[in-house]
Amino acid sequence: MSASKPHEDIFADWLHFDPLVVRRAVKAAAPSLADNTADLDRLRRALRQQGYDPLRVPPGELGAYAARFRHENFEATAVLSYTGDGWELTELFLGTDVSPILGVAVDLGTTQIAFYLVDLITGHLLDRLSVPNPQIPYGEDILTRIIYASTPKHLRVLQDLLRSTINETLSFLADKHGFRVSQIYALTVAGNTTMTHFFLGLDPSRLCKEPYIPVANTFPMLHGKDLQLAMHPRGLVVVFPNVGSYFGGDVIAGILATGMHRTEEICLLVDVGTNAEVVLGNKDWLVACAGAAGPALEGGVVERGMMAQPGAIDRVRIDPESMELTYHVLGEEKPKGLCGSGLIDLVAEMFMAGLLTIQGKINTKVTHPRIVAVDSGPAYVVAWADETADGRDLLVSEIDIGILLKSKAAMYTILNIITRKVGLSVQDIRRFFVAGTFGSHIDPVMAIRIGMLPDLPLETYQGLGNTAGRGAAMTLLDRRLLGEMDEVRQRITYVELNVNLELMNEFRGATFLPHTDPKLFPSVTIHPRAMG
C-alpha cells in the first residue's frame, strides 16, 4: 500500500487501497517536426503510458485542457476518475498541484443521513456527520412520503429537500476542514430503493403497488453537475444499485462492508431499522429477506423508548441476589428513556433475576420497590424520578415488554426460516454481522438470553454499526467494489416469508423467554422464580 494506513473504521484487511479518484503528474515532450502529435493526443498518450486507458476527456473541456497542457510546456497534474470501464480526465491543473482530492460517502437513511468525508490521497477518514432526513415533515414513514410524491411537483419538493441538505452538509464539512467543495471529486450514495428514487427524482409510486416495480434498479455513472450538487461539477456520483422494491443499495453496501460475498464461510447479516433486513450466504450464493421486527428493537415503539442518542439508557445490569439495578446512559446525561439495547438488557437481566417469568410477565410474587402497579398493569421502575431528565419515574410496563418479545420472536423466526429455506440451520452460521445503530450497542449475551439471537459462540457475532455508510466509504477507497456491487446485486435471491402455519407456530414459541424449547438455548440458565 503506497499511502499511510487508512482509517480502520472504513478499511478491511481484504481491501486494496485503489481509490476511485487519483492525482497524477503528467509530462510529455514538446511537439516537433519529428512528432507532430496534437496537444490533447499528446496528453492522452502520456496518461496511457501510466496505465490510464481507455481515457475519456469531457467534450466541453477539450480546448481548455489542451491549452493548459501547452501553457505549462506539456507538464500538468491530472485528476482521473474511474468509471468502471475506464477513466475520465476530471480536472487538469497547470504544472504541479498538490491540492486535496476528497470523497464523500452518503448513507441516505429514512430518518438520518450519514456523511463520511474521506481523503482519497491518504485513505483517511477525516470526518463523519449525521443529520436528520429533511423529508420527515412530509411523512415519518416511507409509505406516507411515497403517497405525497404522487405528483411531479411534490416529488420535486422531496428531491429538492434532499439536495439542499446534502449540499449544506457538503459545504459545512468542506469549510470545517479548510477545503473547497470543488475539491470533492467523488460521492457514493447508498439508500433503500425509495430513498434512491427520491434522490434521483424518479417516480416511486409503483413501489407500494403490486407487483412493486421500481423505475430502475441500476443507475449510470453520474456527475455533480447532473444533480446540482455542491462538489466538483465533473466529480463522480455513484448511486448503489437496488435489488428490488424491498432491498436497496444500502443492503448492497452493507454486504460489501462485511466482505461476506468473498468468504467460504456461511455468514449472516442483519440490519435492524424500520424492518429487520437479513442476508445469508457466502461467496457462492446470497439469499435475503425482510420482516417487521425493527422498531421495538431500536427502542422506537415502547412508551419510554428512544433511539440510541444522548440521554438513552443503553446498558442495564441487575444483581440476581440483591436485585440492585445499575445502568449506563449515552452521553453521561440524566436518563430520558431506553434505546433498543437498553431494553434488551433490562428484559434479559430481569429474566435472569427471576423478575420476569418465562411467559414475559412481571413476577408480582416478588416483593420489590421497583415492581409497581400502573393503570395498564404491572411495571418496573428503571430509574427513579430524582434520577431522570424529566423528573418522572422511568417505567417499563408489562405491555412494553410484550412488544419487545414479539419483535424478538419475529427476529428469531426470520433467522430460522431463512436458514431452513436453503437447507441449513442457524448452527451452520460461522459469522453473524449485526448492523445499524442497534448493532453498535447490542450485547449478544443479552440478545441470546432473551432468545432474540441464536445460541452461537460469542465470537461468531460482530457489531458493525453503519454498514451502508461503511460500504459506501469503502467503495471510495477500492475501485474494484464498483464491479463487485453489481455482481452482488445479481447474486442475491430474495425470499418471501409467507405467513403460513409453520411460521406462526414458530413465532408463538419464540415469544417465550428464551423459547418454549430450552434445548435451543443451552447456555441460558433459567432462574427458579422465572418458572412462575
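**Group meeting: a walk through a predicted model**

Let me start with Q228: at 55% relative accessibility, this residue counts as exposed, because the cut-off for that label is over 50%. Q228 sits in the loop between β9 and β10, the latter covering residues 236-239. Its phi is positive, about 55°, although Q228 is not a glycine. Please keep in mind, everyone, that this is a predicted model.

So how far can we trust it? The mean pLDDT of the protein chain is 90, and 94% of its residues reach 70 or more. The stretch to watch is residues 1-8, where pLDDT stays under 50. The model does give those residues 19 contacts beyond four places in sequence. Where pLDDT is low, though, the predicted coordinates should not be read in detail.

Now the overall picture. The protein chain has 13 helices and 22 strands. Its C-alpha atoms fill a box of roughly 100 × 50 × 50 Å along the principal axes. What radius of gyration goes with that chain? The protein chain has 26 Å, and a compact globule of 532 residues would have a value near 24 Å, so the two agree. Of those 532 residues, 57% count as buried. If we take contacts with a separation of 6 or more, 66% of them come from residues 24 or more positions apart.

A word on the surface and the charges. The accessible surface comes to about 22,000 Å², and 52% of that belongs to carbon and sulfur atoms. There are 48 positive and 61 negative side chains, with the centres of the two sets 4 Å apart.

Next, the backbone, and here I'd like you to look at the loop between α5, residues 193-200, and β9, residues 222-223. P211 is in that loop, and the peptide bond leading into P211 from E210 is cis, with omega near 0°. Y212 lies in the loop between α5 and β9 as well. Phi of Y212 is near 60°, a positive value in a residue other than glycine. Is Y212 buried, partly exposed or exposed? With 28% relative accessibility, Y212 counts as partly exposed.

There is also a cis bond from L513 to P514, with omega near -15°. You'll find P514 in the segment after α13, which spans residues 501-510.

Let me finish with two residues and their surroundings. I442 is in the loop between α9, residues 436-441, and α10, residues 444-449. Its relative accessibility is 11%, and the buried label means under 20%, so I442 counts as buried. Which residues does I442 touch, leaving aside neighbours within four places in sequence? The contacts are with S341, I344, V434, A447, M452 and L453. I429, by contrast, is 13 residues from I442 in sequence and 19 Å from it in space, C-alpha to C-alpha.

Then there is K421, in helix α8, which runs over residues 398-421. K421 has a relative accessible area of 47%, so it is partly exposed. Beyond its neighbours within four places in sequence, K421 is in contact with V495 and E496. How far is K421 from V287 in space? Their C-alpha atoms are separated by 9.2 Å, while the two residues are 134 apart along the chain.

That's my tour, thanks for listening, and I'm happy to take questions.

Key:
Residues are numbered from 1 along each chain as its sequence is written. This is a predicted model: local features need pLDDT of at least 70, side-chain atom pairs count only at pLDDT 80 or more; totals for chains, interfaces and linings use all residues. Side-chain values use heavy atoms; hydrogens and water are left out. Helices (H or I, at least four residues) and strands (E, at least two) are DSSP runs, numbered from the N terminus. The radius of gyration is taken over C-alpha atoms; the globule rule is 2.2 Å times the number of residues to the power 0.38. Buried means under 20% relative accessible area, exposed over 50%, partly exposed in between (1.4 Å probe, protein chains only). Contact means heavy atoms within 4.5 Å. Accessible areas come from the Shrake-Rupley method with a 1.4 Å probe; for residues, only the protein chains shown count as cover. Lys and Arg count as positive and Asp and Glu as negative; His and the chain ends are not counted. The place of a charge is taken as NZ of Lys, CZ of Arg, CG of Asp or CD of Glu. pLDDT is the predictor's confidence in each residue, from 0 to 100.
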